[in-house]
Amino acid sequence: MTEPKQIHLAAHFPGVNNTTVWSDPEAGSHIEFSSFVKLAQTAERAKFDFFFLAEGLRLREQNGLIYDLDVVGRPDTFTVLSALAAVTERLGLAGTINSTFNEPLEVARQFASLDHLSAGRAAWNVVTSWDAFTGENFRRGGFLPQDQRYSRAETFLRTAWELFDSWRGDEVVADKASGRFLSDAHAGAFSHHDRHFTIDGRFPVPRGPQGRPVTIQAGDSDEGREFAAATADAIFSRYGTLETGQPFYRDVKGRLKKYGRTPDQLVIMPAATFALGDSDADAHEKAHEVRLQQVSEQTAIKFLEQLWNTDLSEHDPNGPLPDFDPVVGEDLISKGRASVRMYRDPLATAKEWRQLAEAKNLTAREVVIEVTGRQTFIGSPTTVATAINDLVQNDAADGFILVPHVTPGGLDEFADTVVPLLQDRGVFRTEYAGTTLRDHLGLSQP
């Protein structure tokens, strides 16, 4: 009898996204260290694989003002994860770091340091930056076309790997009796030259406990999938249903062979939200209340403006959709928000929204609630545990990165009710089997 797949789970500190409800009475600070500690320690108590921290390089704007529905403040990734390393013992610590505006040596040095500080729990979510608005915050400014962004990202990552691998791991002898510190006088030496980077020197951090930090990737384009198949240890995807997850899973895992890799060398974990209740009906009622919080009247107008690309502050969110077409052009009313790229054809999207409103007799706000819905798991703990297990056992995913809508206590109920059910079914660990994040994810050391 075939053993069931083991489920992987991670916790996403929500920060800036349209699932976060900062105004909920239970919501706390998104910048105080105690909030990060609370979520991370809950995830570790539940034996999760890792804690995931996103990155924000510039506060987003709409109508020329800071996007006031964002949760303002994005502390530095390495500072937060390094501090969390001191208050957790086994939980993986994953951070998003951009490859567009950074340099390989600096990022490699920081991740190698985090891997040492955490005793082998570091992971790097490699992303690229797409917009000139964010680029204005950096010395070189601007941005790169998509094909060059991925080319630079892949070269950036492989250059960082060269730096990690410039140490074998056995060079530091530190023999006090003989006074011999290194066994290899050339340890850490590197010389890298390509179209993006020309660097020579000696990498300052000896090899970390994992060899290289775990590499996570989240791109969804054809270039992004190819990049992930070639380089990633884990993928942060958005396909969390059977219908969308299975084709994505087959496609990406099918690309591994051309790079000499096997399916077990890549873990696919979609982002997932959840709403729990004593019964399925109770959970659906809670989910509806959460959606009303997530898409307030003010938020509904902001979403409409992002598609219509014009000021709609006087529009009634409880009335119909705007009766004119979106303003098409490169000068967007929303700055720094990657999700607006989904509206590649705003006229067609507006037509779809109008058809939906007419078919279901929806107001503008109700349309926004429906088209932006991201709740993956809704139900009693038993229902949610069954759904998660079914998706993993049927190869729609290897696990999920959970995004609670309230920070920092939003994961508690899941940890206390759903996780024990998964453990009872033998599909999720009751104790950590190893000490490093690679151990948790079943990945070999490079």
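**A walk through the aromatic rings**

Let's start with a group of rings: Phe78, Phe111, Trp124, Phe156 and Phe197 come together as one aromatic cluster. Keep in mind that what you're looking at is a predicted model. Across the structure there are 15 aromatic pairs.

Two members of that cluster are a good place to zoom in. Trp124 and Phe156 pair up edge-to-face, with 5.9 Å from centre to centre and 65° between the planes. Why does this pair tie together separate parts of the sequence? Trp124 belongs to strand β6 (residues 122–127), while Phe156 sits in helix α5 (residues 146–164), so the contact links parts that are 32 residues apart in sequence. And are these two rings buried or exposed? Trp124 has a relative accessibility of 1%, so it counts as buried. Phe156 comes in at 0%, so Phe156 counts as buried too.

Now hop over to another pair, Tyr239 and Phe248. Here the arrangement is tilted: the centres are 4.9 Å apart and the planes make an angle of 40°. Anything from 30 to 60 degrees falls into that tilted class, because planes under 30 degrees apart count as stacked and those over 60 as edge-to-face. Both Tyr239 and Phe248 are buried as well.

Rings also have charged partners here. Which ring does Arg58 lie over? Look at Phe133: Arg58 lies over its face, 3.7 Å from the ring centre. Then find Trp161, where the charged end of Arg212 sits over the ring at 4.5 Å from its centre.

Conventions:
Residues numbered from 1 in each chain as written. Predicted model: local features only at pLDDT ≥ 70, side-chain atom pairs only at ≥ 80, totals over all residues. Heavy atoms only, no water. Phe/Tyr/Trp six-rings, centres within 6.5 Å; stacked < 30°, edge-to-face > 60°. Helix = DSSP H or I, 4+ residues; strand = E, 2+ residues; numbered from the N terminus. Buried < 20%, exposed > 50% of the residue type's maximum accessible area, 1.4 Å probe, protein only. Lys NZ or Arg CZ within 6 Å of the ring centre and 35° of its normal.
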